[in-house]
Amino acid sequence: MNPSPRRIHNRSDRTRTPRTRTPRTRSAGFLVALLLAVVALTLTGCGSDDPDPIAGGSEPGVCPVEPGEALPMLSDGDDSARGCTIPTAEGLDLDGEAITIGPDGPAKLIVFVAHWCPHCQAEVPRIVEHLADTPMPDDVDLVAVSTSANPAAPNYPADAWLDDEGWTVPTLDDVDNAAALQFGLSAFPFFVAVDAEGAVVARGSGELTMDQFDALVEAASTGSV
């Protein structure tokens, strides 16, 4: 059963406190046991709270799109976007400042969330709590995209919801859903691990454990699953 939606928030002025990022170490066991434990859903909608392992494939094949073009939608089985150069998404962040998410380094993990999705409402505080104890490594950036906004749905506007959760991750306000389409989003929450060369290493959707989250960070850092 999906968790009950959180209350609807009203927009208010807030001051974000930047997070100090410090290096961390990870067990090599993440690569063996957890890197492929990411759910892949075929329907664009709210994801699952009980993810199954994704078949990530062996070596990336020939990318079916040209660099800069929209990635194919994630589906079950091998991810055809693995090895593809990610497109560039530009716009404003939730504070109204310019933000760009593109194939320039460093490596990055991109998280797509929707304010109305119960699984995003569960995953966001989980990530916030995890990052308080296990900050992102110096060689991987965490960025986010807030997309599919609906004024009639719970937790609108998204910036108020994310602020109340203590979310300090740089977040693109995807007002026209263009970024979601560009990255082949299939369900929420949606994750894209990108290596330092700007290529997709792994994608997945649905609620993750924080071991699975760390596995995607590791994949972005090493450029390999």
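Q: Two strands pair if DSSP finds at least two bridges between them; what makes β1 and β2 a pair?

A: This is a predicted model, in which local features need pLDDT of at least 70 and side-chain atom pairs count only at pLDDT 80 or more, whereas totals for chains, interfaces and linings use all residues. Residues are numbered from 1 along each chain as its sequence is written, and side-chain values use heavy atoms, with hydrogens and water left out. Strands β1 (residues 89-92) and β2 (residues 98-101) are joined by four bridges and run antiparallel, so the requirement of at least two bridges is met. One of the bridges sets glycine 91 opposite isoleucine 99, and the two strands form a hairpin with five residues between them, where glycine 96 in the turn has a positive phi of about 85°.

Q: What makes up the secondary structure of the chain, and what counts as a helix or a strand?

A: The elements are DSSP runs numbered from the N terminus, helices being H or I over at least four residues and strands E over at least two. By that rule the chain comes to five helices and seven strands, which follow one another along the sequence as α-β-β-β-α-β-α-β-α-β-β-α.

Q: Why are β5 and β7 said to stand at the edges of their sheet?

A: The open sheet holds five strands in the order β5-β4-β3-β6-β7, with mixed pairing. Strands β5 (171-174) and β7 (200-205) each have a single partner strand, so each is left with one side that lacks a neighbour in the sheet. Ignoring direction, neighbouring strands here are turned by 15° against each other on average, the angle being taken between axes, that is, lines fitted to C-alpha atoms (for helices over the stretch in contact), on a scale from 0 to 180 degrees between N-to-C directions. Within the sheet, β3 (residues 107-113) and β4 (residues 140-147) run parallel and are joined by seven bridges, with alanine 107 standing opposite valine 140. Helix α5 (residues 210-222) lies across β3, β4, β6 and β7, at about 140° to β3.

Q: Why is the pair of phenylalanine 112 and phenylalanine 190 called by the name it has, given its centre distance and plane angle?

A: Rings of Phe, Tyr and Trp (its six-membered ring) pair if their centres lie within 6.5 Å, and planes under 30 degrees apart count as stacked, over 60 as edge-to-face and the rest as tilted. The count by this rule is three aromatic pairs. For phenylalanine 112 and phenylalanine 190 the values are 5.7 Å centre to centre and 70° between the planes, and the pair is edge-to-face. It links strand β3 to strand β6, with the two residues 78 apart in the chain. Ring pairs also bring in Phe183, giving a cluster of Phe112, Phe183 and Phe190.

Q: What makes the rings of tryptophan 116 and phenylalanine 188 a pair, and where do they lie?

A: Their centres are 5.5 Å apart and their planes stand at 85°, so this pair is edge-to-face as well. Tryptophan 116 lies in the loop between β3 and α2 and phenylalanine 188 in the loop between α4 and β6, so the pair ties together parts 72 residues apart in sequence.

Q: Which of these aromatic residues are buried and which are partly exposed?

A: Buried means under 20% relative accessible area, exposed over 50%, and partly exposed in between (1.4 Å probe, protein chains only). Phenylalanine 112 at 0% is therefore buried, as is phenylalanine 190 at 0%, and phenylalanine 188 at 2% also falls under the limit. Tryptophan 116, at 26%, counts as partly exposed.

Q: What places valine 124 among the buried residues, and which residues is it in contact with?

A: Valine 124, in helix α2, has a relative accessibility of 1% and so counts as buried. Contact means heavy atoms within 4.5 Å; beyond four places in sequence, valine 124 has such contacts with Val113, Trp161, Leu162, Glu165 and Trp167. The C-alpha atoms of valine 124 and valine 113 are 8.3 Å apart, for a separation of 11 residues in sequence.

Q: What is the confidence in the chain, and where is the pLDDT below 50?

A: pLDDT is the predictor's confidence in each residue, from 0 to 100. The chain has a mean of 81, and 73% of its residues reach 70 or more. Over residues 1-44 the value is below 50, although this stretch has 120 contacts beyond near neighbours in sequence, and residues 49-58 likewise stay under 50. Where pLDDT is low, the predicted coordinates should not be read in detail.
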